[in-house]
Amino acid sequence: MTRAQQRALAELWERFGVETGAAMLNPGQLFGRRASLILEIGFGDGESLTAMAAANPGADYLGIEVHRPGIGHLLLRAAELGLTNLRVVCADAVDVLEQHLPDECLDRVQIFFPDPWPKTRHHKRRLIQPPFAALLVRKLKPAGQLHVATDCESYAYFILNVLNATPGLMNAATGNGFAPRPPCRPLTKFEQRGQRLGHNVWDILFIQRT
Ligand SMILES: C[S@@+](CC[C@H](N)C(=O)[O-])C[C@H]1O[C@@H](n2cnc3c(N)ncnc32)[C@H](O)[C@@H]1O
């Protein structure tokens with residue numbers, strides 16, 4: 001972690017950070033208003049999340065990440081941009097979803113370049129699995145969106161199969177396949193690394209339909 005990131009965690013956490021404790025989060029109280037709520041899981045260095053929050057001041061953004069240097073980076077950028085519609089949780093997203101977010105509170109969930117775990121023996125470590133998908137269905141509002149992007153082909157098909165088989169989700173792409181890249185998704189740090197390595201990217205877009 002750089003000194004600037006350390007300082008950001010010490011000085012800016014109070015402004016943007018959310019301590020979950022034992023309580024259920026109340027999005028209206030967190031942001032002091034009622035607006036569309038977008039959750040990003042695993043935002044990395046937060047460059048794309050802060051860019052989206054800055055571009056959409058009418059929506060509220062909640063980021064969950066476990067990597068503290070990345071959170072420090074995001075805090076610096078959020079302060080630079082003067083964002084008031086962004087809050088951050090430093091915790092495992094599964095715990096936060098299971099224990100701290102009410103059902104039907106999210107208008108969109110975005111997961112950009114989740115850790116791919118490409119080796120077959122590591123596939124069980126992948127974040128997007130049937131129980132996790134079912135949890136997301138519960139937390140999304142009716143007609144809420146789930147947007148995933150990955151540059152790992154085997155994970156792309158794995159995610160597509162999991163989500164196509166999840167009750168309460170409908171593929172927004174034609175033919176139960178991949179979606180075109182939505183213009184609202186900025187280039188992420190991990191994606192830029194993949195581009196340098198010549199990787200393709202697969203976007204996956206589902207709608208909550210319960
Ligand atoms: C491959 S990186 C991608 C980061 C960023 N989205 C990007 O595209 O540059 C995956 C990120 O997900 C985070 N992550 C993995 N599992 C997580 C979990 N259960 N809860 C929260 N964050 C998680 C990791 O710390 C890492 O920063």
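**Exercise 1.** Of the 16 residues around the ligand, which come nearest?

*Solution.* The structure under study is a predicted model. Within the group of 16 residues around the ligand, the nearest are Gly-42, Glu-65, Phe-112, Thr-188 and Phe-190.

**Exercise 2.** Determine where the ligand sits and which polar atoms of the protein lie by its oxygen atoms.

*Solution.* Step 1: the site. The largest pocket is where the ligand sits. Two elements, β2 (59-65) and α8 (189-196), each give two or more residues to the shell around the ligand.

Step 2: the side-chain contact. An N or O atom in the side chain of Thr-188 is 2.6 Å from an oxygen atom of the ligand.

Step 3: the backbone contacts. For Phe-190, a polar backbone atom is 2.9 Å from a ligand oxygen atom; for Lys-189, the corresponding distance is 3.5 Å.

Step 4: the cover. The ligand taken alone exposes 590 Å², and the protein buries 84% of that area.

**Exercise 3.** Establish how many disulfides the model contains, and examine Cys-90 and Cys-105.

*Solution.* Step 1: the criterion. A disulfide requires two cysteine sulfur atoms within 2.5 Å.

Step 2: Cys-90. The closest cysteine sulfur to that of Cys-90 belongs to Cys-105 and is 19 Å away, so the distance is too far for a bond.

Step 3: Cys-105. For the sulfur of Cys-105, the closest cysteine sulfur is in Cys-184, at 19 Å, which is also too far for a bond.

Step 4: the count. The number of disulfides is zero.

**Exercise 4.** Decide whether Cys-90 and Cys-105 are buried, partly exposed or exposed.

*Solution.* Step 1: a residue is buried under 20% relative accessible area and exposed over 50%.

Step 2: Cys-90 has a relative accessible area of 30%, and is therefore partly exposed.

Step 3: Cys-105, with 10%, is buried.

Conventions
Residues are numbered from 1 along each chain as its sequence is written. This is a predicted model: local features need pLDDT of at least 70, side-chain atom pairs count only at pLDDT 80 or more; totals for chains, interfaces and linings use all residues. Side-chain values use heavy atoms; hydrogens and water are left out. Buried means under 20% relative accessible area, exposed over 50%, partly exposed in between (1.4 Å probe, protein chains only). A residue is near a molecule or strand if one of its heavy atoms lies within 4 Å of it. A polar contact is a pair of N or O atoms within 3.5 Å; within protein, one must be able to donate a hydrogen and the other to accept it, and residues adjacent in sequence count only if both atoms are side-chain atoms. Accessible areas come from the Shrake-Rupley method with a 1.4 Å probe; for residues, only the protein chains shown count as cover. On a 1 Å grid over the protein atoms alone, a cavity is a set of points where a 1.4 Å probe fits but cannot get out, and a pocket is an open set with protein on both sides within 12 Å along at least five of seven lines; lining residues have an atom within 4 Å of a point. A molecule sits in a cavity or pocket if more than half of its atoms lie within 2 Å of its grid points. Helices (H or I, at least four residues) and strands (E, at least two) are DSSP runs, numbered from the N terminus.
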